[in-house]
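Visitor: Could you walk me through this one with me looking on? I'd like to start with how the helices lie and then get to the rings.

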Amino acid sequence: MFKLTQRLPQLVARSSVSSMARQAAKRNYAALTFSVPTAHEAPSSLHAFTEEELMLKDTVSRFAREVVQPRVQDMDEAELMDKDIIKSMFDNGLMGLETPAEYGGAECSFMAAILAVEELAKIDPSISALCDIHNTLTNTVIRKYASEELKEKYLTRLATDTVGSFCISEAGAGSDAFALQTRAEDKGDHYLLNGGKMWISNSAEANIFVIFANVDPSKGYKGITAFIVEKEWGVEIAKKEKKLGIRSSSTCVLNFDDVKIPKENVLGKVGEGYKYAIDSLNEGRIGIAAQMIGCAQGAFDIALPYMMERKQFGQAIGTFQAMQHQYAEVAVEIEAARLLTYNAARLKEENKPFVMEAAMAKWLAAKVAEKASSYAIEWMGGNGFVRETGVEKFYRDAKIGSIYEGTNNIQLQTIAKIIGSKYK
């Protein structure tokens, strides 16, 4: 069974680590100390990472190859997430990446979380989606806006043994998320939740849900409020969708019929849920970009060795100039998407504006994932078209990048709005 020497809170320290501590770290991860990097220690390029970010990246890569990869095809065929893999992700700290250590989390940087999502997606975008949505949406919105009591109650569970789900989309509220109709009625000492959600990721495995509902429709979107809801209170999984791609990642329809929510489970302030949703989704788009980069790289990494071994007309097909131009072009585009994504992540960490950069990263990464996986199938011919090699799965998985957490057109609209505001 894959197991880190220590869980990630001890593994992932901050940048300033003395040479003595580094030597000790080789023997015992717990010897690492936590400190915030100073300005002159900050990474100097988009491929310069702290020692701890590199350590996490390598660890997650190994986890993906050793634990996830042997089960990818079976999970895809069954359209079901392997419970042992989920448990192993919790055991190894991958479900509380940015969560503070006091709540049982790894207390990683945002960039470290993005690297983890990318590495998982190189092997299986479905597992990457589970990790990404759980960390960058559910955990993040609770960590940033919940009361201390709610953090203590739920962040610990989300970091150690309980999957979370972020619930905003509805039948009439997709790109227009604030058109949601789910209602939470104030009953004095509790709220009564009625309505439903659609396209909810992680919902089949989740026991903790962040649900957005309107407490006062007369106020429009300013009535939208976020709640933390436990499944056992009456959240019904009405239907599990059968999808083109990321099949083992659950996507379900949820029903709420007089679900009683304690007043203390309001997340943040009443009527400010729309702010939390916007903030979380802007940040989450960087995670989706990382997922799509990993998807593209995963397909590329399968196809290229094949092209260098497969011979036709007396030479490796990868040495024909037309083929060289194709994979060189794809490599450039993968790297461009990766740099956009890393840049958005660093801007977010530095508390600088990143909304446009996140939209750019997600838009390009989604495009590149489709292109890279499509070319990979063509490069491998018949062997790319069959399920056995795994390339066709990356092609199916890539399509979701253009849809969830904001369609490609929504990303372009966001980019255009911000650019336009600079020239008015």
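**Helices, rings and cysteines**

Guide: In this predicted model, H9 and H10 are roughly antiparallel to each other (an angle over 145 degrees, where under 35 counts as roughly parallel, 65 to 115 as roughly perpendicular and the rest as oblique). Helices (H or I, at least four residues) and strands (E, at least two) are DSSP runs, numbered from the N terminus.

Visitor: At what angle do H9 and H10 pack?
Guide: H9 and helix H10, which covers residues 321-349, pack at about 155 degrees with their axes 10 Å apart. The axes are lines fitted to C-alpha atoms, for helices over the stretch in contact, and the angles run from 0 to 180 degrees between N-to-C directions.

Visitor: Okay, what can I rely on in a model like this?
Guide: Because the model is predicted, local features need pLDDT of at least 70 and side-chain atom pairs count only at pLDDT 80 or more, while totals for chains, interfaces and linings use all residues. Residues are numbered from 1 along each chain as its sequence is written, and side-chain values use heavy atoms, with hydrogens and water left out.

Visitor: Now the rings: how many aromatic pairs are there?
Guide: The count comes to ten aromatic pairs, where rings of Phe, Tyr and Trp (its six-membered ring) pair if their centres lie within 6.5 Å, and planes under 30 degrees apart count as stacked, over 60 as edge-to-face and the rest as tilted. One of them joins Tyr-191 and Phe-227, whose centres are 5.1 Å apart and whose planes stand at 65 degrees, so the pair is edge-to-face.

Visitor: Where do Tyr-191 and Phe-227 lie?
Guide: Tyr-191 lies in strand S3 (residues 190-201) and Phe-227 in strand S5 (residues 224-230), so their pair ties together parts that are 36 residues apart in sequence. Both Tyr-191 and Phe-227 are buried, meaning under 20% relative accessible area, with exposed over 50% and partly exposed in between (1.4 Å probe, protein chains only).

Visitor: And which residues form an aromatic cluster?
Guide: Phe-300, Tyr-327, Tyr-375 and Trp-379 form one. Within that cluster, Phe-300 is buried at 11% relative accessible area, and Trp-379 is buried at 3%.

Visitor: Changing topic, how many disulfides are there?
Guide: The count comes to zero disulfides, a disulfide being a pair of cysteine sulfur atoms within 2.5 Å. As for the cysteines themselves, Cys-252 counts as buried at 0% relative accessibility, and Cys-295 is likewise buried, with a relative accessible area of 0%.
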